[in-house]
Amino acid sequence: MTELVFFINQVVIAGAVLGCIYALGAVGITLIFGILRFAHFAHSELMTSGAFFAFMLAALFASWGIVTPIPTGFVVLPLAMVMSAIFALGIDKGFYAPLRKRGAKPVILLIASIGVTLMVQGLIRLFFGAGSYSFFETETKDVFRIDTSFLGSTRPLVITEPQLLMIVVTVISVLALHLFLTRSRLGKAMRAMADNADLAQVSGINTALVVRVTWVVAGALACMAGTMLALDVTLKPDLAFNIIIPIFAAAIVGGLGQAYGAIAGGLLIGFAESLAVFNWTMVLRPLNAVLPEWAQLPATLALVPTEYKLTVAFVILVVVLLVRPTGIFKGASS
Amino acid sequence: MIRRSLSLFAGLFVLILVVGWLMGLPFTSSRLVEAAAYALIALGLNIQWGYGGLFNFGIMGFLMLGGFAVTFMSYPVNAEFWGGDGPMLLGRALLAFALGVLLVLAARRSDRIGITGRWKATLVVLAWFVGYCVYRSQIDPAAAYIEANAGFVGGLGLNAVFGWIFGGILAAGVAYIVGKIALGLRTDYLAIATIGISEIIRALIKNMDWLTRGTLTVSPIPWPTPLPQDYQAGGADQVTALLLARGGYLALAIVVLGLAMWLVSRAYSGPWGRMMRAIRDNHIAAASMGKDVKSRQLEIFIFGSVLMGIGGAMLVSFTQIFDPSSYQPINHTFLIWVMIIVGGAGNNWGAVFGAVLIWLVWVVSEPVAKAIFETISYWSTTVGWSEIPDIESRSAQMRVFVLGLVITIALRYAPKGLIPERVRQDA
């Protein structure tokens, strides 16, 4: 059973954590694409700036001497999400709305979003430097080691407190998003506008309001994803810039414009990445006893070497674009 | 229109003089050589985006290919590699690769023997997997052997100009594959696909230590023209030698740029250019007129990528070091896009103007930001506040902010660029 526990530690938990972060980022991208019809590159900077908002709030809490039972990063998350939503609205007002008003093509908006990416990243680096920060400088990162000896395993099941909370929070927010999209008036309006913007407008939907709500939801989710990523690893200015392409891959694999597809795509890419670099020898080692001398398993038997981990997402992306360009869930293709 | 372009270029010339006066001649001369290489790269993007309307966000990948090509062609021969078992092992890996390709091709043709539908798909996937495993089983020991015994493959010891040409050829080959895969996609998808492919190229070049030495970097890569040391050996003093050598390199770069510009302009003002504009502006109408949209787009994608490969090779042989980890999407993809947007997509002079201007802005914004911060810091300390910490690293980061600011302002107030495209209406 040791092998199975090892597999769960290396693939299931790591993949779920990565998948949650990808899914939350991809939902925002896919919503923006559905409503505004452009690939929003600056989403990575919404994530990073959201994480820095949370970090500043957590530092403020720590300086006031407030001690919380769960990591402070999670306690301040709602506040940071509000700040991120306002920030996203401001970016839209300042940079994208004028271009939309001029009737610019989606391509121009894409280039503008790259400009925004560069500006926000420059500002973050200006204020915080290029170094990395940790949420756990004043508090400890609890690690749960679940003893599995009753299953006959010599290794414990390892999961950290932020990872556990992260999975719980993601599930809650995905459920909330589902209820919002299917039950509330605004959510239905959003889906209508994603389906056919002109038809939505003539049937009396306030499209300007829908656009604002989209930015609020996307900004809040981006902040959540960024903060959780920073809680799992460390906070640095290029935190999300490095994973924006896997996130786009998740959105495209799920079908751009499809919120549920984005969640499925995020989890798929997360699991695929951790599965691809998994060292199969660790699980198959008992086979060495029965295998003949010449067919012994090598020390590392991974599908791709660890240094190519990030390329797994790109390869999946390219294959999906080739085989099924609209994604698994048939995305928008305007 | 002509007057506006001329005055803009005159302004650029004055800016170069001011930079030269403030920052000194050695700094400015090397920046100018780099600007010439970037102008060539921007010309390549101008062909793809300005002429063809193709959204290439994988420029970094093509620059890396060019850099690798020039390293491979012009770096001195590594006798340890050629003397050992390395070539034989690599040959076997190549055979395994060919075998894998044959396997996949055979699986794709399996409908000929009656295997269709789901079974064929399964067979293709299986063929890919087996081919991959066969290739890995040969390349892994070869790579380990070369890294342990010879360091890396080394170069061929030819003149760097051959490396530039090889860079163009290599970029063309990869562009053909990328174009075949990705050009059928619409703009946003194409942008993301090309970014993904350039990241794959980066990961490969960075981690194939046996071929490129990876993060260990390769240097010094020889110049195509005499180095400053050669002039110094001939009796010239340090400053003259530096200027002579860089002047020689700059002259060569400008000759290449001028040649590319002449060829591209000739092609674009002819029937071929009219066809490209027609495809860019309305590819459905162009297709209905009997134009083969897909292969024309592939053609233009390859032409643009060739210029990018040559430009990337020129940059690497100028700095004399090939460092795969120094390649960043911001410095090598987005920067070129800002050059094109600011200069004017669809106009070659606009592309060259944008390249030189943005490159100067990019390199100058760091010292300027530093000067501004130091002034503010001086005032804040005089009034009793604390000074700004880490001015050095902070001003280095200002380049990225300035780049973002420039592109957003350009999109807002000059969406067609400073020297916009001119379409002759008389024909």
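I began with the make-up of chain A and counted 13 helices and 2 strands, where helices are DSSP runs of H or I of at least four residues and strands are E runs of at least two, numbered from the N terminus. The model is predicted, so I kept to local features with pLDDT of at least 70 and to side-chain atom pairs at pLDDT 80 or more, whereas totals for chains, interfaces and linings use all residues. Residues are numbered from 1 along each chain as its sequence is written, and chains are lettered from A in the order in which they are written.

I then looked up the radius of gyration of chain A, taken over C-alpha atoms; it is 21 Å, close to the 20 Å that the globule rule (2.2 Å times the number of residues to the power 0.38) gives for 334 residues, so chain A is as compact as a globular protein of that length. I noted that its C-alpha trace spans about 70 × 55 × 40 Å along the principal axes.

Next I turned to helix packing between the chains. I found H13 (residues 309-323) of chain A packing against H8 (residues 187-207) of chain B at an angle of about 140°, with the axes 9 Å apart; the axes are lines fitted to C-alpha atoms over the stretch in contact, and angles run from 0 to 180 degrees between N-to-C directions. I therefore entered H13(A) and H8(B) as oblique to each other, a label for angles outside the ranges under 35 (roughly parallel), over 145 (roughly antiparallel) and 65 to 115 degrees (roughly perpendicular).
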